[in-house]
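Please look over the structure shown here. The report below takes up selected side chains, aromatic rings and pockets in turn.

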Amino acid sequence: MDPVVKSILTTPESVAFEKITEHMVQTFIRKNHDYGNSFFEDLEDENDLGPARYAIGNKWRRFKQLSMNKDAQVDESIEDTLLDMANYCVMTLMWLQDRKHE
């Protein structure tokens with residue numbers, strides 16, 4: 001392991017980061033179970049990044065609304081919105097990397 005990485009593995013920030021990314025993985029697994037592989041299937045069907053732009057864009061707009069203290073009518077927190085957006089970004093990266101290896 002990289003010595004710099006090893007030296008900071010137990011900082012409060014790295015512990016918090018790991019906790020968040022573990023939660024992201026659990027959310028990814030649960031949502032993929034509930035929705036199927038729909039995000040990846042949409043990317044494949046379109047054969048471009050349009051579905052990713054749409055999904056990430058929607059979450060970005062939701063974050064903007066919530067962060068400006070708009071009265072929310074849907075029970076989704078800023079934290080949930082950011083985690084969803086992060087997961088969409090990671091899934092898009094997974095799809096791009098998979099295409100590179102084809």
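## K59 and its contacts

In this predicted model, K59 touches E76, T81, D84, M85 and Y88, once neighbours within four places in sequence are left aside. K59 sits in helix α4. Is K59 buried or exposed? Its relative accessible area is 14%, under the 20% cut-off, so K59 counts as buried.

Two of these partners return below. E76 and D84 are among the residues that line the second largest pocket. Y88 belongs to an aromatic cluster.

## T92 in helix α5

T92 lies in helix α5, which covers residues 78-100. Its relative accessible area is 9%. That is under 20%, so T92 is buried.

Which backbone atom lies 2.7 Å from a polar atom of the T92 side chain? The oxygen of Y88 does. Beyond four places in sequence, the contacts of T92 are F39, L49, A52 and I56.

## Aromatic rings

The model contains 3 aromatic pairs. One of them joins F39 and F40. Their ring centres are 6.0 Å apart, and the planes meet at 75°. The geometry is edge-to-face. Both F39 and F40 are buried. Together with Y88, F39 and F40 make up one aromatic cluster.

W60 and F63 form another pair. Why is this pair classed as tilted? The planes stand at 40°, between the limits of 30 and 60 degrees, so neither stacked nor edge-to-face applies. The centres of the W60 and F63 rings are 5.6 Å apart. Both residues are in helix α4, 3 residues apart, or about one turn of the helix. W60 has 42% relative accessibility. This value falls between 20% and 50%, so W60 is partly exposed.

## E44 and W95

E44 is part of helix α3. With a relative accessible area of 40%, between the 20% and 50% limits, E44 is partly exposed.

Along the chain, E44 and W95 are 51 residues apart. Their C-alpha atoms are separated by 8.8 Å. What joins the side chains of E44 and W95? A polar contact of 2.6 Å does.

## The largest pocket

The largest pocket holds about 350 Å³ of space. Its lining has 18 residues, and Y35, S38, F39, Y88 and M91 are the closest to the centre. Four helices each give two or more residues to this lining: α2 (12-35), α3 (38-46), α4 (50-67) and α5.

By class, the lining of the largest pocket comprises 8 nonpolar, 6 polar and 4 charged residues. F39 and Y88 link this pocket to the earlier sections: both are in the aromatic cluster with F40. F39 is also a contact of T92, and Y88 is a contact of K59.

## The second largest pocket

The volume of the second largest pocket is about 170 Å³. Its lining consists of H23, T27, R30, K31, D34, E76, D80, L83 and D84. Which elements supply at least two residues each? They are α2 and α5. The largest share, 5 residues, comes from α2.

How do the lining residues divide by class? In the second largest pocket, 6 are charged, 2 polar and 1 nonpolar. E76 and D84, both in this lining, are also contacts of K59.

Definitions and conventions:
Residues are numbered from 1 along each chain as its sequence is written. This is a predicted model: local features need pLDDT of at least 70, side-chain atom pairs count only at pLDDT 80 or more; totals for chains, interfaces and linings use all residues. Side-chain values use heavy atoms; hydrogens and water are left out. Buried means under 20% relative accessible area, exposed over 50%, partly exposed in between (1.4 Å probe, protein chains only). A polar contact is a pair of N or O atoms within 3.5 Å; within protein, one must be able to donate a hydrogen and the other to accept it, and residues adjacent in sequence count only if both atoms are side-chain atoms. Contact means heavy atoms within 4.5 Å. On a 1 Å grid over the protein atoms alone, a cavity is a set of points where a 1.4 Å probe fits but cannot get out, and a pocket is an open set with protein on both sides within 12 Å along at least five of seven lines; lining residues have an atom within 4 Å of a point. Grid points are joined across faces, edges and corners, and a volume is the space filled by probe spheres set on the points. Ala, Val, Leu, Ile, Met, Phe, Trp, Tyr, Cys and Pro count as nonpolar, Asp, Glu, Lys and Arg as charged, and the others, Gly among them, as polar. Rings of Phe, Tyr and Trp (its six-membered ring) pair if their centres lie within 6.5 Å; planes under 30 degrees apart count as stacked, over 60 as edge-to-face and the rest as tilted.
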